[in-house]
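Okay, everyone, thanks for making the time. Let me put the model up, and then I'll walk you through how some of the pieces pack together.

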Amino acid sequence: MDARRVRRRSWRRTPGRRLTGARARSAEDWWWDRLAPSGSEYHLLQADSMLLVLPGPGPVRARAHRRITRRAPRPQSSGPAATAKPRPRPRPEPAPDPEQGPDPGWGDRIPLEVLVQIFGLLVAADGPMPFLGRAARVCRHWHEAASQPALWHTVTLSPPLAGRGVKGSVKAEKKLLASLEWLMPNRFSQLQKLTLIHWKSQVHAVLKLVSEFCPRLTFLKLSDCHSVTTDALIMLAKACHQLHSLDLQHSMVESTAVVSFLEEAGPRMRKLWLTYSSQTTAILGALLGSCCPKLQVLELSTGLNRNNTPLLLPIEALQKGCPQLQVLRLLNLMWLPKPSGRGAALGPGFPNLEELCLASSTCNFVSNDVLSRLLHGSPNLRLLDLRGCARITPAGLCDLPCKELEQLHLGLYGVSDRLALAKEGSTLLTEKWHHTLRELDLSGQGFSEKDLEQALAAFSGTHGGAHPALCSLNLRGTRVTASTISSVISSCPGLLYLNLESCRCLPRGLKRAYRGLEEVQRCLEQLLTSPSSSS
């Protein structure tokens, strides 16, 4: 062992010993030769009794790579084992090219046209949101498909209202409005149906964006919206030339705004929904003046705050002003027909009317004479809803010109017991329409047991070799018997709904509503096995 190695070892074995002069420089050289590999840069810091080595910014080889270079090759052993061929190692799968990217999968291999059609089926079933927003985050291909304006044809916009006060709702509307400023030109360019719900302050700004970027709009619904101005509706009528349906139910809109809109877009209007208020008379005046000659659907309902002032409706003037009306609904509305005068001729009627709904939860003033004035010229009527109209009799219904009625609703709900109800005449109804009726509602009527048995016996036979089309029968609160119900179920194999609640002539356990073919057939089995029916 040379003297240099001895001196270095003695220096290492002497803790706390301070080197000076040439011995200190030789120790520094030893640390440099031992720790600093070739080609790298290190910084050496020396304190009173400490030596600190820091690596520089130069490249440093990995530890595993240094171990591989230092490892010596193994000598090959001689013998029979050396002559055997080594087992081939499995080749690892080649790593994907970073430029090519990972395998896109089946989502990217679907053509864009097919993917748009698939998205269109989902949008038609559940609407564009939230599906299109989530599908756009899957990949770029799906984002391109979900961004097609053709998919955004029906949109409902409502600012969040849960737990917000007046200031919070205004802030939420402004935030949603900021998003609409980008969505309108980029997604809603082919928008056809728009619904605004619970908008209080930004309705004018939203309708302005719609008039600028949605020229194909055909339907607009404003539900529980405030601050709907005349300028906004007129601007919308002038910009959207295909707009033909307007729903303003449960919204605060001035009558002057609606009248101005109808004067601008009246010739192309097809459907109109309104809520009855003190300002409805002015809107009806515009309709009676032939402002909307092509109107097909007119619905007038009572708002949340019921108006006890009856509406005076001139039936003959409405028939002249809206000759193409197909659907007329006066829902839960207290109205009076304007007297026609003695010897006055009947109006032109509604020759295209297919649905008339006069349902009300309270007693109204609809009589046989009023019904005749409405329907004397409507041979194509398919649906007649007279629920709550206790003044209508079977004889008055039998005189109507419609011969292929499919839905007849005569249920009485909440009618006073003091009102005298007809006990006979249900046979006239079933004999006239038993071959076309699909839904029949006689709940609450006072027909006798025998009268109901004769009336429902009309469904026992076959018409032209086919079974009756009856699929819904409501006999709640009537005097129908078990034998009559058994006969109806056996004769109508398509019966899917049967209501027997509060039927006092039926045994206990059967007085309920049956929904579906299985429940109706189970009801038949219970009727056939019950002691009362067998006796």
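So, look at helix α12, residues 255-265, where S255, V258, V259 and L262 meet A282, I283 and L287 of α13. "Meet" here means contact, that is, heavy atoms within 4.5 Å. Sorted by class, that contact has 6 nonpolar residues, 1 polar and no charged ones. For the classes, Ala, Val, Leu, Ile, Met, Phe, Trp, Tyr, Cys and Pro count as nonpolar, Asp, Glu, Lys and Arg as charged, and the others, Gly among them, as polar.

Before I go on, a word on where this comes from. This is a predicted model, in which local features need pLDDT of at least 70 and side-chain atom pairs count only at pLDDT 80 or more, while totals for chains, interfaces and linings use all residues. Residues are numbered from 1 along each chain as its sequence is written, and side-chain values use heavy atoms, with hydrogens and water left out.

Helices and strands are DSSP runs numbered from the N terminus: H or I with at least four residues for helices, E with at least two for strands. The protein comes to 21 helices and 18 strands.

Back to our pair. Which way do α12 and α13 run relative to each other? They pack at an angle of about 15°, with axes 9 Å apart, and are therefore roughly parallel. The axes are lines fitted to C-alpha atoms, for helices over the stretch in contact, and the angle runs from 0 to 180 degrees between N-to-C directions. Under 35 degrees is roughly parallel, over 145 roughly antiparallel, 65 to 115 roughly perpendicular, and the rest oblique. α12 passes α13 in a right-handed crossing, which is the near helix turned clockwise from the far one by less than a right angle; anticlockwise would be left-handed.

Now the other neighbour of interest, helix α11, residues 230-239. The axes of α11 and α12 come within 8 Å and cross at roughly 15°. That makes α11 roughly parallel to α12, and this crossing is right-handed too. On the α11 side you have T230, L233, I234, A237 and K238, facing T256, A257, V258, S260, F261, E264 and A265 of α12. The split in this contact is 7 nonpolar, 3 polar and 2 charged residues. V258 is in this list, and V258 also meets α13.

One step further back is helix α10, residues 203-213, which packs on α11 at about 10° with the axes 9 Å apart. That makes α10 roughly parallel to α11. H204, L207, K208, V210 and S211 of α10 meet D231, A232, M235, L236 and A239 of α11, and those residues divide into 6 nonpolar, 2 polar and 2 charged.

Okay, the core. What has the most contacts inside the largest nonpolar core? That core has 120 residues, and the answer is L262, W335, L356, L374, L384 and L397. A nonpolar core is a set of buried Ala, Val, Leu, Ile, Met, Phe, Trp, Tyr and Cys residues joined through side-chain atoms within 4.5 Å. Buried means under 20% relative accessible area, exposed over 50%, and partly exposed in between, using a 1.4 Å probe and protein chains only. Helix α12 gives the largest share of this core, 6 residues. Across the protein, 39% of the 535 residues are buried.

L374 takes us to helix α15, residues 368-375, whose buried residues are V370, L371, R373, L374 and L375. Their cover includes α14, β10, β11, β12, β13 and α16. Leaving aside neighbours within four places in sequence, L374 is in contact with I315, Q319, L328, W335, F350, L356 and L358.

Last, some loop details for anyone zooming in. The peptide bond from M129 to P130 is cis, with omega near 5°, and P130 is in the loop between α6 and α7. H250, in the loop between β6 and α12, has a positive phi of about 65° although it is not a glycine. H250 is partly exposed, at 35% relative accessible area. S290 also has a positive phi, near 65°, in the loop between α13 and β8, and S290 is partly exposed at 41%.
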